[in-house]
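I opened my notebook to look up the inside of this structure. My plan was to check for enclosed space, then for nonpolar cores.

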Amino acid sequence: MFAHNKRLQYTVRVNECNPALANLMLEQFGGPQGELAAACRYFTQALAEDDPGRKDMLMDIATEELSHLEVIGTIIAMLNKGAKGQLAEATASEAELFRSLQGAGNDSHVTQLLYGGGPALVNSGGQLWNAGYIDSIGEPTADLRSNIAAEARAKIIYERLINVTDDPGVKEALGFLMTREVAHQKSFEKALYSISPNFPPGKLPGKPEFASVYFNMSQGEGDMRGPWNNEPAFAYVSDREQQMAVDGGGGGASVQLSAVEEQACEQMKLRSASDPLSEPVTGAELGAGLTPVDAATAAMTPPAAPN
Ligand code: MN
Ligand code: MN
């Protein structure tokens with residue numbers, strides 16, 4: 001069950017209304033790195049988790065993320081509060097209200113007109129929240145890594161929001177939310193490394209002959225060596241011959257077809273065969289008043305030298 005406490009996890013003290021800033025804050029309300037995505041991510045992982053420690057941790061953090069959603073949503077509501085009241089009660093002239101919506105910037109008029117100044121489940125660009133933001137796969141050594149990355153991204157969005165805010169109360173609350181993402185990142189990392197072995201993710205080991213090879217596929221000036229491709233951790237392969245058909249085969253593709261499939265494929269191949277000797281006239285050429293020969297001549301004629 002869920003219970004609700006009327007006190008926020010962190011006190012929200014907004015200095016003054018600022019609808020444009022409110023819209024930037026929506027990024028952490030209904031955006032991909034936002035608190036709703038985080039809460040749903042950990043809650044759904046917790047439901048399916050059988051490890052008692054991880055299940056408890058995921059439920060604790062999911063519930064805290066909902067509490068963060070409440071804090072960031074409340075910040076948005078406070079930043080919009082003045083504009084919301086003025087628009088609802090039409091306390092200023094039409095021209096003044098219109099200017100206040102337009103002047104606030106970054107789509108804040110949508111927040112005011114469509115959402116009445118409340119926090120909507122959209123990101124700062126108005127994109128609707130969607131469950132595709134959550135990429136859980138049901139394997140803890142993969143999900144914990146994704147959770148660590150999600151916390152890292154959330155931390156960065158908070159950092160950027162802090163950098164565009166001069167409201168001290170908003171800065172302070174955002175600083176708290178940002179710091180909690182750091183703490184969550186630590187918990188997820190500890191949880192990952194308390195599983196042994198945890199790499200590679202899942203049960204099957206990698207094929208040893210490919211697991212520690214670095215293919216230098218992009219070659220030329222700028223080729224660089226570092227711990228990500230150095231021996232002895234990696235065998236560094238630059239030879240093109242050794243990069244192709246690494247299984248030792250011919251590098252082709254084949255499949256066993258039934259007689260019926262084979263006949264159908266042959267039929268399709270014949271029906272859709274291209275004639276390399278044809279000289280078809282296209283609608284584009286006819287429209288331009290050109291024959292294919294004219295077009296080819298035009299393409300081969302060098303541009304006139306400037307006088
Ligand atoms: Mn959070
Ligand atoms: Mn978090």
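Entry one, cavities. I searched the predicted model and found one cavity of 30 Å³ or more. I looked up the space in the largest cavity, which is about 100 Å³. I then listed its lining, which has 15 residues. Closest to the centre are Gln33, Gly34, Ala38, Arg41 and Ala150.

I asked which elements give two or more residues to the lining of the largest cavity. They are helix 3, running over 35-48, and helix 7, running over 140-163. Helix 3 gives the most, with five residues.

I sorted the lining of the largest cavity by residue class as well. I noted seven nonpolar residues, six charged and two polar.

Entry two, cores. I wrote down a background point before starting: in soluble globular proteins, nonpolar side chains tend to be buried together. In this model the largest nonpolar core has 25 residues. Which of them touch the most other members? I found Met25, Ile72, Ile75 and Leu174.

The elements that give two or more residues to this core are helix 1 (19-25), helix 4 (52-89), helix 7 and helix 8 (168-193).

I followed Met25 further, leaving out residues up to four places away in sequence. Met25 touches Ile72, Ile75, Ile76 and Leu79, and also Leu161, Thr165, Val170 and Leu174.

Entry three, the other core. I noted a second, separate core of 14 residues. Among them are Ala46, Leu58, Ile148 and Ala150. I had already met Ala150 in the lining of the largest cavity.

Methods. Residues numbered from 1 in each chain as written. Chains lettered and ligands numbered in written order. Predicted model: local features only at pLDDT ≥ 70, side-chain atom pairs only at ≥ 80, totals over all residues. Heavy atoms only, no water. 1 Å grid on protein atoms, 1.4 Å probe; cavity = no way out; pocket = protein on both sides within 12 Å on 5 of 7 lines; lining within 4 Å. Points joined across faces, edges and corners; volume = space filled by probe spheres on them. Helix = DSSP H or I, 4+ residues; strand = E, 2+ residues; numbered from the N terminus. Nonpolar A, V, L, I, M, F, W, Y, C, P; charged D, E, K, R; others polar. Core = buried A, V, L, I, M, F, W, Y, C linked by side-chain atoms within 4.5 Å. Buried < 20%, exposed > 50% of the residue type's maximum accessible area, 1.4 Å probe, protein only. Contact = heavy atoms within 4.5 Å.
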